[in-house]
Structures are given as C-alpha cells and as structure tokens.
Amino acid sequence: MITYTDTIDGIDANQLQGFFQGWPSSPSPQTHLRILAQSDHVLLAIHTETRTIVGFITAISDGILSACIPLLEVLPEYQHRGIGSRLVQTMLERLSALYMVDVVCDANIVPFYQKLGMLPGTAAMLRRPDVTTLNRRR
Ligand SMILES: CC(C)(COP(=O)(O)OP(=O)(O)OC[C@H]1O[C@@H](n2cnc3c(N)ncnc32)[C@H](O)[C@@H]1OP(=O)(O)O)[C@@H](O)C(=O)NCCC(=O)NCCS
C-alpha cells in the first residue's frame, strides 16, 4: 500500500534510494533530503510496509502569485499506478490560490501534465551539472 505525506518529519536519507535516474550528476540521498527540507512544499509517496519513499514532488513559491514544480519523480517499478498523478493533483490543490504554476519538463511528459489540467507552453532553461552546491553538506 502507498501512503502520502506532506512532511519530511521522521524521514531518513536511507529511505530515499534510486531517485534522479539518468541525471548526469545526481544528488545523494542526504542532499535529496536537504532539497525536500528546503522546498516550500513537498509531498512524498511512501511504501507502507517497507517505509521507502517511492515518489516525491516539490514546489517553490512566493506564496502570493506564482509557484514552480522543479522536481517530480516516481521510482520506475512504481510508475503507471497513478502515484505521479496523485502527487501532482495534490500539489496543485495546495497551490490553488496562486495565479501561475509552472513546470519545465521533457516534451514526452507534457501529455501527462495536460491530463491533469495544465497547458503546454514554451520554456527557457539553464542547467549546470558541475555546480558545487549539489552534494555539499551545507
Ligand atoms: C512522469 C512520472 C512522474 C509519472 O509518474 P507515474 O506514477 O507513472 O504516473 P501515473 O501512473 O499517475 O500516470 C501515468 C500516465 O502518465 C503518462 N506518462 C507517465 N510517464 C510518462 C512518460 N515517461 N512518457 C509519456 N507518458 C507518460 C501516461 O499517460 C501514463 O499512463 P499509463 O500508466 O496508462 O501508461 C514518472 O514517469 C517519472 O517519474 N518519470 C521520470 C521523472 C520525470 O520525468 N519527472 C517529470 C519531471 S517534470
């Protein structure tokens, strides 16, 4: 069974294994936990029996007008069970008072977000795989 929570209270980095697949330089589980802790909003999908995290979503917001969803991932063996949709839907409910919510994603993921009521758009972005903050302790 999968349960959902909006807090990282009681979550250990050991529960965060297998994420950031395919990233050229991926955050460690410890850094992942810090990312969750420092995000304005977070939702976790937890496997009830093993207590492992099988999916997560974060949002960064000014709390007035806008938010963005920088990270959403469901572990491959748990995909296609509705977990990703549930995470996005719940996050969009959390952000429902805001004028704009933006997601930058690969083109093949756009239909996933469209099914959840979002619109396709264009984006500009910058990625720095060699940033020193990625796995720095503080
Ligand atoms: C995108 C993602 C979060 C979806 O999670 P999920 O739990 O499988 O999503 P759901 O089960 O709620 O919905 C699945 C539906 O979304 C669509 N979908 C999901 N992943 C897709 C993908 N990679 N490509 C195209 N469509 C996709 C399909 O319509 C799929 O329907 P199906 O299960 O009948 O095939 C997951 O595929 C993932 O973690 N991908 C890698 C990370 C990523 O791309 N994150 C988005 C960054 S913004």
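Me: What makes S4 stand out in the lining of the largest pocket?

Reply: S4 gives seven residues, the largest share of that lining. Keep in mind that the model is predicted. Helix H1 (29-38), strand S3 (53-61), H2 and H3 also each supply at least two residues, as S4 does.

Me: Which residues lie nearest the centre of the largest pocket?

Reply: Trp23, Pro70, Leu71, Leu72 and Val104 do, out of 49 lining residues. The pocket has a volume of about 2,000 Å³.

Me: How do you know what classes of residue line the largest pocket?

Reply: Sorting the lining by class gives 28 nonpolar, 13 polar and eight charged residues. Gly is counted as polar in that sorting, a handy point to remember for the ligand shell too.

Me: Where does the ligand sit among the pockets?

Reply: The space the ligand takes is the largest pocket. The test is that more than half of the ligand's atoms lie within 2 Å of the pocket's grid points, so the ligand counts as sitting there.

Me: What makes a residue part of the ligand's surroundings, and how many are there?

Reply: One heavy atom within 4 Å is enough. By that cut-off 18 residues surround the ligand, and the closest are His80, Gly82, Gly84, Ser85 and Lys115. Strand S4 (66-74), helix H2 (83-94) and helix H3 (110-115) each supply at least two residues of this shell. By class, the shell holds nine nonpolar, six polar and three charged residues.

Me: Why is the approach of Gln79 to the ligand called a polar contact?

Reply: An N or O atom in the Gln79 side chain is 3.5 Å from an oxygen atom of the ligand. The cut-off is within 3.5 Å, so the pair qualifies. A polar backbone atom of Gly82 is 2.7 Å from a ligand oxygen, and a side-chain N or O atom of Ser85 is 2.5 Å from one. As for cover, the ligand taken alone exposes 880 Å², and the protein buries 68% of that.

Me: How do you know that Ser61 makes polar contacts of its own?

Reply: Ser61 is found in strand S3. Its side chain reaches the backbone nitrogen of Gly63 at 2.8 Å, and a polar atom of that side chain lies 2.9 Å from the backbone oxygen of Ser66. Both distances are within 3.5 Å, so each pair passes the distance cut-off.

Me: What can you tell me about the second largest pocket?

Reply: About 570 Å³ of space lies in the second largest pocket. It is lined by 22 residues, with Asp102, Val103, Met118, Leu119 and Gly121 closest to its centre. Strand S5 (100-102) and H3 each supply at least two of the lining residues. By class, this lining has 17 nonpolar, four polar and one charged residues.

Methods
Residues numbered from 1 in each chain as written. Predicted model: local features only at pLDDT ≥ 70, side-chain atom pairs only at ≥ 80, totals over all residues. Heavy atoms only, no water. Polar contact = N/O pair within 3.5 Å; in protein donor to acceptor, adjacent residues only side chain to side chain. Areas by Shrake-Rupley, 256 points an atom, 1.4 Å probe, with all protein chains shown as cover. 1 Å grid on protein atoms, 1.4 Å probe; cavity = no way out; pocket = protein on both sides within 12 Å on 5 of 7 lines; lining within 4 Å. Helix = DSSP H or I, 4+ residues; strand = E, 2+ residues; numbered from the N terminus. Points joined across faces, edges and corners; volume = space filled by probe spheres on them.
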